[in-house]
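Trainee: Please take a close look at a single part of this model, the backbone at one loop residue. Then connect it to other parts of the chain, step by step.

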Amino acid sequence: MALAKWPLRQVLGPLLAIGALLALTWGTHAWVRQGQLDELHRTLDSRAELYAASIGGALNKYEFLPLAVAQSDAVARLLEKPDARQVEQINAYLVDMNRRAGAFAVYVLDVNGTTVASSNWQDSSSYVGVNYGFRPYFKNAIAGGIGRFYGIGASTFEAGYFISQPVLRNGRIIGIVSAKVNLDWIEQSWRGPGTGEQIWVKDANGVIILASTPAFKFKTLAPLSPAAKKDISEQRQFLQENLPILPHKVRRQFADGASVLTLERPQADDASTLSGSADYLAVNRALGPLRWQITVLAELGQVEEAARNAAIAAALGWALALLALMYARQRRRRIAERLNAQQTLAHAYEQLEIKVEQRTADLVHANGRLQAEVAERERAEQTLRYAQAELVQSGKLAAIGQMAAGVTHELNQPLAALQTFSDNTKVLLARGRIADALDNLSTISDLVKRLGYVTSQLKGFARRSDDARKPVNVRQAFAQTMLQIRTRHGSQRLLLHENWPQDDIIVLCNAIGLEQVFTNLITNAMDAVPPEQDVHVWLSVRREGPLAIILVTDNGPGIPVTSIDRIFDPFYTTKEEGLGLGLSISAGIVRAAGGTLTARNRSLTEGGGAQFTIALSTEH
């Protein structure tokens, strides 16, 4: 009977080992894949929230533009009783407003929806004389609300975001003012090589209107309803675009609306062409009053690779354990055979017993030493973990102290300028100078944005900012800086010598951050020159290949030789009452934009003084 069972036992052992190997491999793969998927889900949640906040902020800053124009008495007079001279004046006014705001176009429509004046009146695709009464933004505004709409322009054939406000006089709507904003820069900011990440924005009908991959734009993920097709056709929202369905397949749906999709992957050298397919995790966030939805997608290649590697490691580990077990079993069998052979020799058996006892004693002694070493190592690891925790806490406290001091340093000047412009606005309002008061209020709004930017730097303690490289007009940033500097006590002794190129230079940096750098450099120059002397500051801007070189030079005593290598260190200052953070923050802003900020002392033959050089990438 025992002989009959022996072959079955030999078969069951390998079968059980193979079954355990398969179960361990599959379980490890599933566990690691789910963990990686959950981590990627949390990461995309944060990124989707950040992108939604960024787009919402970018759109909200243009809300004031049609409202400001709608409050103009000149615009109201044009709508009530238009004539050629008024149209010419309002066209010039809209050109100026559009240039300041940085929108695509600003235009005025009568109650029938016909454009009577526009900032692009000189272009071949001018809006003047064109009727836009069919657009939803006109219908909403003429009804007394705020019009918001995204679509392809009927005149320019360029897509954009439209915002409109009614023009009210004596409780009656006499026309509307609309602004068009080009959102192509948002798509450009999403496109980066090698990220494996896709982003798109869908409107309320499910049409993709913004996308990091051009091939996804103006497509849908599901068939449009008859009502949606009718609205799009009547509004001429997408003109000749046929809005095809983007080929995809939903692999998995999560409770919070996220999903796993299979999509065609854009080619690495041409983002407008799709080639091959890949699985993506897609996370959605609601966006804006138009019921838009932003979706952030990330390829699951790294998730699958991590799960596959973990499964292979588990299989190899199990195989090594089986080999070790087989080796131990074979070794025990050989020892048993050797002992059986030695049973015939009593003397050899006694010698073997003595050797076994000696070996056992050695093993017990070695085991004792090993246990002592393990205990000592555990105590050392516990001490190390405690020291690491203390170092982490100390580092956090130091970082919080540095950030608090930096915010205190950077808020002083905007707050002082804010107080000055607020007092001036009161005087202007009392004197009835409404236009000047509105200019002051616009400046106050810019200062508040700057304060918001300074305080928002605290968020960098938890996550990285994504707005450090945006197109900025250097000349406009410097003009905004001087508007604030002129409110500073003693600014009348500041004499500027500016050297600008013929064409405006656009650099990639944070706009408010660049103003902050200019402010710190000029105020440092004013502090360096004795109060009884005039402060001369020379500003020179030039282009060198892909870089913009900005030189800021003063007539002060220069930087002490012993300090020139440390002036960009936090809390290092040569002033008695300074915090030593201005130049450190300025260098951080330029460095975040991918540029450099350096300093040197000019020789006596050059005129002396300190010279700071800012190098930033230009917009191609």
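**A loop residue and its surroundings**

Mentor: Leu 243 is found in the loop that runs between helix H7 (226-235) and strand S8 (248-253). Keep in mind that this is a predicted model. The phi of Leu 243 is positive, about 55 degrees, although the residue is not a glycine. That deserves a remark because most residues other than glycine have a negative phi. The relative accessibility of Leu 243 is 11%, which is under 20%, so the residue counts as buried.

Now set another loop residue beside it. Phe 157 has a positive phi of about 60 degrees, and it is not a glycine either. Phe 157 sits in the loop between S3 and strand S4 (159-169). Is Phe 157 buried or exposed? Its relative accessibility is 61%, which is over 50%, so Phe 157 counts as exposed.

Strand S3 (residues 147-152) leads on to the aromatic rings, as it holds Phe 149. Phe 149 counts as buried, at 5% relative accessibility. Its ring pairs with that of Tyr 137: the centres are 6.3 Å apart and the planes stand at 40 degrees, so the pair is tilted. Tyr 137 belongs to helix H5 (residues 136-142), 12 residues away from Phe 149 in the chain. Tyr 137 is buried as well, with a relative accessible area of 0%.

The count of aromatic pairs comes to 13. Another of them joins Tyr 51 and Trp 190, with centres 6.3 Å apart and planes at 70 degrees, so this pair is edge-to-face. Tyr 51 lies in helix H1 (residues 2-60) and Trp 190 in helix H6 (residues 184-190), so the link spans 139 residues. Tyr 51 and Trp 190 are buried. Ring pairs also join Tyr 107, Tyr 127 and Tyr 132 into a cluster.

Next, a charged residue. Lys 202 lies in strand S6 (residues 197-202). Lys 202 is buried and has no salt bridge; Asp 203, the nearest side chain of opposite charge, is 8.5 Å away. Beyond its neighbours within four places in sequence, Lys 202 is in contact with several residues, including Val 207, Leu 221 and Trp 292.

Further along the chain there is a sheet. It is open and made of 5 strands in the order S13-S15-S16-S18-S17, with mixed pairing. Strand S13 (494-499) and strand S17 (596-601) are at the edges with a single partner strand each, so one side of each has no neighbour in the sheet. From one strand to the next the twist averages 15 degrees. Strand S16 (residues 547-554) and strand S18 (residues 610-617) run antiparallel, joined by 7 bridges. Leu 551 has Thr 613 in S18 as its bridge partner. Helix H12 (residues 511-528) packs on this sheet and touches S13, strand S15 (535-544), S16 and S18. The direction of H12 makes about 175 degrees with that of S18.

Last, the whole protein. It has 13 helices and 18 strands. Of its 620 residues, 38% count as buried, and Leu 243 counts as buried too, at 11% relative accessibility. Among contacts between residues at least 6 apart in sequence, 61% join residues at least 24 apart.

Methods:
Residues are numbered from 1 along each chain as its sequence is written. This is a predicted model: local features need pLDDT of at least 70, side-chain atom pairs count only at pLDDT 80 or more; totals for chains, interfaces and linings use all residues. Side-chain values use heavy atoms; hydrogens and water are left out. Two strands pair if DSSP finds at least two bridges between them. Helices (H or I, at least four residues) and strands (E, at least two) are DSSP runs, numbered from the N terminus. Axes are lines fitted to C-alpha atoms, for helices over the stretch in contact, and angles run from 0 to 180 degrees between N-to-C directions. Contact means heavy atoms within 4.5 Å. Buried means under 20% relative accessible area, exposed over 50%, partly exposed in between (1.4 Å probe, protein chains only). Lys and Arg count as positive and Asp and Glu as negative; His and the chain ends are not counted. A salt bridge is a side-chain nitrogen of Lys or Arg within 4 Å of a carboxyl oxygen of Asp or Glu. Rings of Phe, Tyr and Trp (its six-membered ring) pair if their centres lie within 6.5 Å; planes under 30 degrees apart count as stacked, over 60 as edge-to-face and the rest as tilted.
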